[in-house]
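Trainee: Could you take me through one part of this model up close? I'd like a connected story rather than a list.

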Amino acid sequence: MPYLSSEETVKELKRALSNPNIQSDRLRYRNYILRVIRSMTQGLDVSALFMDMVKASATVDIVQKKLVYLYMCTYASLKPDLALLAINTLRKDCADPNPMVRGLALRNMCNFRMPGMTEYIHQPILMGLKDKASYVRRVAVLGCAKMHSLQPTAEIDAAIVNELYGLLRDPDPVVMVNCLRALEEILRHEGGVVINKPIAHHLLNRLKELDSWAQSEVLTFLLRYKPRSEDELFDILSLLDALLHSSHAPVMAATLRLFLQLAAAHPAVQVDALEQARGPLLATCGSQSREMRFAGLCHVQQVLRSQPAQFGVHFKRFFCGYSEPAYIKFRKMEILVELVNDENVGLVLEELKGYCTDVSPDLAQAAIAAIGRIGRTYSEKCLDILTGLLGLKQEHITSAVMQSFRDLVWLCPQSTAAVCQAVEACEESLQDTEGKQALLWLLGMHGDQISSAPYMLESHIDGLKTEMSSVVKLELLTATVRLFLQRPAEMQDMLGRLLHYCIEEENDMNVRDRALFCYRLLGCGVEETRRVFQGPKSDPCMGVLTGRPQEPVNNWASWFNTLGPLCGDDVALPASCDTAASAQPAQSSQGDVLAGAVEEPLSIPEMGHQPLGLSLGPPLSHEAFERHWLELDVTHREPISFQGPPSSPETLQAALQLVKIQTLAFSRENVTPWKAYLYSHGSGTLILAELLQDGPAEGDGSGSLAVSLKQVPKNDTVIQEFASVLRTVLQTLTEDVS
Amino acid sequence: MIHSLFLINSAGDIFLEKHWKSVVGRSVCDYFFEAQEKAGEPENVPPVISTPHHYLINIFRDRIFFVSVIQTEVPPLFVIEFLHRVAETFQDYFGECSESTIKDNVVIVYELLEEMLDNGFPLATESNILKELIKPPTILRSMVNTITGSSNVGATLPTGQLSTIPWRRAGVKYTNNEAYFDAIEEIDAIIDKSGSTVCAEIQGVIDACVKLTGMPDLTLSFMNPRLLDDVSFHPCVRFKRWESERVLSFIPPDGSFRLMSYHVSAQNLVAIPIYVKQNISFFESGSSGRLDITLGPKQTMGKQVEGLTVTMHMPKVLLSVNLTATQGTHKFDPVTKVLVWDIGKLNPQKLPNLKGSLSVQSGAPKPEENPTLNIDFKIQQLAISGLKVSRLDMYGEKYKPFKGVKYITKAGRFQVRT
């Protein structure tokens, strides 16, 4: 096609369209109209041809009509005065004997987006609502919504609303659904269409006649209906049952959402529905289209929040294929982390290990982060893998491993020794900000266990001039001061140099202020500095250690099958692959020393408040516990009424951590007899405890737990207080459950 | 619901737009382009992008992005499936769904989009109803149209909506009454280095082409229906009868449709039809490596494996290959680093082998990861899951139809790690 500027094209087309010779030849005429449309779709402004196109609409040829209507809809708002000319033709078409023409004309008339249109379309729409062809009624019903959107501020026409509610009984299912859609739009400001009992049951009964799109929409509308009685609720649920297996994923997801919402008060029904939907959900995750797979995965992720165990056996479904796009791989890795259990941990880790050497650095880092998160429960295996990865000497890998190490040490103090050893052996120098921060945090916090820590810090201090990131500098200051407190002799000179540089030459105000702050603080004396800088070495509330507790379904049910879970905008960023749990150490390691300073004095009085100073450390090994347990006699025994074992032993463990009682071991859920072993330190004594539940809980679920306590050396007041703390915790949990 | 649709080619040109409500400016696509740039590869663009005023939901298919603009909260699966339906309809109408065919048929595309959505709500999406509203272009018809000046728009309304069964039009008549079923199974599998299966599943579909007069009521039964898990059906199938008797009972739509789809995921049930012996190694010193791949049949139930192709994405540092194949042709693209070995039929007596040396950029470190083999193949006359149709009965009509079932097994995402 020869290149023509837009003006020339328009001129040429105008000449052709007004040429009587061409007008008389139908085919040639239509071809020119086609060219107009083509230029229009390419973004050319052909609105100048409006007059000629209006003339062309007076024809019997339906295709030509369609084309001209398309043109008119696009430009009507630009040329409102000319568009009025076209209306006459359209109104005439609305009375055509062919229902197709009637529908077409009505639809396009409603699509004219220009002011003052309402008065012309009002009458045809009312006629259309009563038309005998369902095709026209469908168009007319939606026309009501379009008419309303032309004048959003106008009063709602009650007559039309009534008419639409009446048309819900129309024999044509699409008309019925269109009524819902139109009412929803018209009544938006009043909270949308009202679903009362007769309407709800009418919709439910007609669900089968609808196509899958309409089904999915009607199911969404039904979310508004609250059944009056249990019987009604279960009647509805049994009607919906078959739809859970629909071959259309949208219908299945919409049904599941409705199920979960309706059965909000019946957790057992919810669990059952999730069980039934598991197959279809997994099928969506294996769908041909990658977008569907992605959406399926996002939904599985939501279900996992309540039922991590449900998909445990299907873990292989979530292994990444080579050619899958990155957004799917990220989701799959997140899911794998959630799915891990004792049986599959080996295979999952093996698989994730394979991803760590992926060509894309982002993916590799996400895989390493995933291994790090599994490490919170299965530290040993993961530490081996992570340490092995350091051997690859790839910068992005080392950086990600360091970040995982940092989070691990913060959350599972027992892995500290292994991590320190690995960090010491690592010679790779890091370049990226995140990795450097992690390494510096480790050096500062645990420098006493890394013999080469001062040298590693020194190289960073020497390279300070070339360091661009101010966060790294802040972290470096914190780390250096921390290490100085532990190893003053080696660090004094370095700290001096660092402070000198930061105060005299640094341009960044933040860094300079922090350096000045450190300097003044050091002037107040070592003890004062230590109090401010040496925070806890591991997460003081160890809840995260045990993994996410199972959430009730209702927490997320209202988000199911909505856009929210799919567009978490951080999906593509591997760094934020971690949930809020790991954000915590990252925050504290970004080292707001001031925050640390505030945190510490706060926690000291808190300890003081506790009448009995229970503390977690020093940790007790399994062997030591066993030895003590066998040597000692029971000093105290009491039954505590308890509806146990708790819904998940992990919850109990987390709760006990909060009051500084360490759980050493416990049996799995739903095992009888159920046992748990605990220990704690208090007032210079070591307290060991055994919780034992014999036999199944009685019918009403309330059972009792036999608690035996042993102590060395003996101190009666301490043991009494320990028992009362334990009692409070267990009772609180029981209340939570019931 | 769906406000606007933009079609964008992989070069980033918007070549078609359609608005169902008010016009949304093209500038909204800038958010999409931003995401596209960030993603690098076109496949990696996330399907849902949120912008300050809209959501953009897109699918990438046949090298075209279908980007829909959404203004209110919608079920995401719904929109994604709808966009795929649009693409499938184009494919159905024009034989392929590509930028050039869409541009050539721009008028039909607009007509279709107009019928498929009204005011942003799906209207008519079933292919056989659409085809009555808008006739697909064929060479013959376009010639006839040119001569007679008639159009490709049906002058009457589709009758399907008037019958009591929404998926079937009333008064269907054929001279030859026939019902054909294709059972198509795809194996998705990952095989590890040592040849053991990491994961495997079969995704099967039964596509039907039914041309029967009147209102036939069909019953299809299987030899071994317990095999299937995760089944999903066309709305015409009576689910209650499947639950109780494990037979498919249905009044079929007229023409081609997908009767059911299913998964077989229990690993011991998934037979792996071929095995691969491979040895790919790069030498620590010097800039070279060796490659040696042999393929052989494993569990093929005596059927022939055809259309065998091996595709490998080689490491970036690989410069060239010097390989010889005992069968088929091989090609290495030095730009994309993709090695394709097209084998063809697998002969169990003489196993195909590809062998030779690889040369690597000098000085570059040894690649850490060996390439993955993607294998493609086809087996005719076999459903690898062992699924068999035992009989098809017809009630409600007097005549005797022609019946036929065809089985085919294909490789889906079939990978071998090295």
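**Chain B and the loop around B:Pro352**

Mentor: Let's start with charge: chain B carries 43 positive and 45 negative side chains, and the centres of those two sets sit 8 Å apart. Keep in mind that this is a predicted model. Before we zoom in, here's the frame. Measured out along the principal axes, the C-alpha atoms of chain B fill a box of roughly 75 × 55 × 45 Å. Chain B has seven helices and 23 strands, and its domain assignment splits it into domain 1 (2–148), domain 2 (178–269 + 385–417) and domain 3 (274–379). The C-alpha centres of domain 1 and domain 2 of chain B are 30 Å apart.

As for the surface, the accessible area of chain B comes to about 18100 Å², with 51% of that belonging to carbon and sulfur atoms. Of the 418 residues in chain B, 55% are buried. Contacts reach across the sequence too: among those in chain B with a separation of 6 or more, 68% link residues 24 or more positions apart.

Now for the close look. B:Pro352 sits in the loop between strand 19 (338–344) and strand 20 (353–360) of chain B. Is this loop residue buried or exposed? B:Pro352 counts as buried because its relative accessibility is 0%, and the cut-off for buried is under 20%.

So what touches it, once you leave aside the neighbours within four places in sequence? B:Pro352 is in contact with B:Ile293, B:Thr294 and B:Leu295, with B:Thr326 and B:Gln327, and with B:Trp341, B:Ile343 and B:Leu346. Take B:Leu295 from that set: B:Pro352 and B:Leu295 are 57 residues apart in sequence, yet their C-alpha atoms are 6.0 Å apart in space.

For a companion case, hop over to chain A. A:Asp358 is in the loop between helix 19 (345–355) and helix 20 (361–374) of chain A. A:Asp358 also counts as buried, because its relative accessibility is 18%. A polar atom of the A:Asp358 side chain lies 2.9 Å from the backbone nitrogen of A:Ser360. Beyond its neighbours within four places in sequence, A:Asp358 is in contact with A:Lys329, A:Leu363 and A:Ala364, plus B:Glu369 from chain B.

Definitions and conventions: Residues are numbered from 1 along each chain as its sequence is written. Chains are lettered from A and ligands numbered from 1 in the order in which they are written. This is a predicted model: local features need pLDDT of at least 70, side-chain atom pairs count only at pLDDT 80 or more; totals for chains, interfaces and linings use all residues. Side-chain values use heavy atoms; hydrogens and water are left out. Domain bounds come from an automatic or database domain assignment. Helices (H or I, at least four residues) and strands (E, at least two) are DSSP runs, numbered from the N terminus. Buried means under 20% relative accessible area, exposed over 50%, partly exposed in between (1.4 Å probe, protein chains only). Contact means heavy atoms within 4.5 Å. Accessible areas come from the Shrake-Rupley method with a 1.4 Å probe; for residues, only the protein chains shown count as cover. Lys and Arg count as positive and Asp and Glu as negative; His and the chain ends are not counted. The place of a charge is taken as NZ of Lys, CZ of Arg, CG of Asp or CD of Glu. A polar contact is a pair of N or O atoms within 3.5 Å; within protein, one must be able to donate a hydrogen and the other to accept it, and residues adjacent in sequence count only if both atoms are side-chain atoms.
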